[in-house]
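Colleague: I would like a close look at one part of this model, the aromatic side chains. Please take me through how the rings pair up, and then through the backbone and helix details around them.

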Amino acid sequence: MRIQTPSRLHFGLLVPGTGWRRRFGGLGLALAEPGWVIEAERAAAWKITGAAAERAAVWVERLRHRPELAHASPLQLHIVQAIPEHVGLGSGTQLALALAWLMARNAGMSPSLEQLQHWTGRGQRSGIGLAAFVGGGFIVDLGRSSETDRPAPFLRLAFPAEWQIALVLPDVPTGLHGDKEAEVFAQFAGEANTASERLCRLALLHILPALLEQRYDDFAEGLFEYNRLAGQCFARWQQGPYHSELVAKLVQEFRKLEVPAAGQSSWGPTVYAIGPKERLQPAVDQIAHRYRSLLRTIMITTAARAGVLSPTVSE
């Protein structure tokens with residue numbers, strides 16, 4: 001067996017605080033690369049090799065104790081490719097779902113999204129990573145209700161193939177994650193939702209219509225403002241709306257270079273820039289030249305048009 005997952009951009013939450021009927025929600029985009037690529041075959045005993053093997057082993061041990069998966073035979077897993085950890089690309093969710101899917105298939109099951117979510121416990125706040133794993137595309141997470149444990153419902157829109165995505169990873173500390181991230185959300189009170197009405201209007205009346213009509217510049221300005229405003233809600237835990245001064249500078253550099261759909265994914269520090277190839281490639285070349293000593297990686301990818309559990313997103 002072999003699985004290849006997408007990664008994802010998270011543009012920000014619609015409802016970061018409490019007090020509304022639904023909480024969290026948000027906008028995101030599934031990416032074709034980078035992704036987890038894991039090969040599996042039955043073996044006499046569990047063995048995990050390749051990139052991030054220790055991290056995968058923790059998840060395997062946890063999943064092996066699920067009653068539905070406990071009877072499956074051991075697997076030899078080789079991780080061919082990994083998503084960088086804690087940089088805003090949803091690495092943890094995709095790894096957990098990929099391993100749960102492989103173990104379920106090995107047990108003769110065709111797992112549903114609800115089963116995968118239940119086994120892994122992922123998607124407690126954002127459902128973007130779950131939706132990306134399912135089927136790719138541009139994702140609207142409609143938020144979680146306190147009345148159910150089911151994954152948040154979501155909408156999926158096709159993303160123009162002509163719009164590519166640059167990913168820039170600056171050489172700075174990783175973004176918030178784990179217990180520290182949980183502490184941030186525990187501190188939010190109802191007043192944190194003062195931005196939510198503006199975020200919802202930007203999503204529904206600006207970004208989504210522009211995406212459906214493939215009006216790039218309108219989409220770009222709406223997405224930039226949405227991402228900046230969503231990040232500003234967390235200014236106490238980062239440097240303003242962005243992870244750091246360098247991230248903020250990279251966002252502004254892309255905008256000056258005529259790629260205005262730029263921002264930070266999740267807690268960062270990954271910077272994204274979305275645009276037609278004829279705009280994006282020259283901008284990436286200049287960024288790579290000007291900031292080469294301050295960057296870990298820079299790449300251009302495309303939106304994922306399909307996920308693990310469903311066919312290609314329709315046009």
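Modeller: Here is a walk through the aromatic rings, followed by some backbone and helix details. Keep in mind that this model is predicted.

Start with the count. The structure holds ten aromatic pairs. A pair of aromatic rings is described by the distance of the centres and the angle of the planes. Two of the pairs share Phe138, and I will take them in turn.

The partner in one pair is Phe11. The ring centres of Phe11 and Phe138 are 6.0 Å apart. Their planes meet at 25°, and planes under 30 degrees apart count as stacked, so this pair is stacked. Phe11 belongs to strand S2, residues 7-12. Phe138 belongs to strand S8, residues 138-141. The two are 127 residues apart, so the pair links distant parts of the chain. Phe11 and Phe138 are both buried.

Now turn to the other partner, Phe219. The centres of the Phe138 and Phe219 rings are 6.2 Å apart. Here the planes stand at 70°, and over 60 counts as edge-to-face, so the pair is edge-to-face. Phe219 sits in helix H7, residues 216-232, while Phe138 is in strand S8. The pair therefore ties together parts that are 81 residues apart in sequence. Phe219 is buried, as is Phe138.

Step back from the pairs. Phe138 is part of one aromatic cluster, formed by Phe11, Phe138, Phe159, Trp163, Tyr216, Phe219 and Tyr272.

Some rings also carry a charge over the face. The charged end of Arg62 sits over the ring of Trp59, 4.2 Å from the ring centre. Arg255 lies over the face of Phe224, and the distance to the ring centre is 3.7 Å.

Next, the backbone. Most residues other than glycine have a negative phi, and most peptide bonds are trans. Some places in this model depart from that.

Take the peptide bonds. The bond from Glu33 to Pro34 is cis, with omega near -5°. Pro34 is in the loop between strand S4 (26-31) and strand S5 (37-42). Gly268 and Pro269 are also joined by a cis peptide bond, with omega about 5°. Pro269 lies in the loop between strand S12 (261-264) and strand S13 (271-276).

Then phi. His86 has a positive phi, near 60°, although this residue is not glycine. His86 is in the loop between strand S7 (75-81) and helix H2 (91-106). His86 has 28% relative accessibility, so this residue counts as partly exposed. Gln214 has a positive phi too, near 55°. Gln214 lies in the loop between helix H6 (196-212) and H7. At 46% relative accessibility, Gln214 also counts as partly exposed.

Last, the helix that follows the His86 loop. The axes of H2 and helix H3 (residues 113-120) come within 10 Å and cross at roughly 115°. That makes H2 roughly perpendicular to H3. The crossing is right-handed. From H2, the contact is made by Ala96, Leu97, Ala100, Trp101 and Ala104. From H3, Leu116, Trp119 and Thr120 take part.

To sum up the part you asked about: Phe138 has a stacked partner in Phe11 and an edge-to-face partner in Phe219.

How values were computed
Residues numbered from 1 in each chain as written. Predicted model: local features only at pLDDT ≥ 70, side-chain atom pairs only at ≥ 80, totals over all residues. Heavy atoms only, no water. Phe/Tyr/Trp six-rings, centres within 6.5 Å; stacked < 30°, edge-to-face > 60°. Helix = DSSP H or I, 4+ residues; strand = E, 2+ residues; numbered from the N terminus. Buried < 20%, exposed > 50% of the residue type's maximum accessible area, 1.4 Å probe, protein only. Lys NZ or Arg CZ within 6 Å of the ring centre and 35° of its normal. Axes fitted to C-alpha atoms, helices over the stretch in contact; angles between N-to-C directions. Parallel < 35°, antiparallel > 145°, perpendicular 65-115°, else oblique. Left-handed = near helix turned anticlockwise from the far one by under 90°. Contact = heavy atoms within 4.5 Å.
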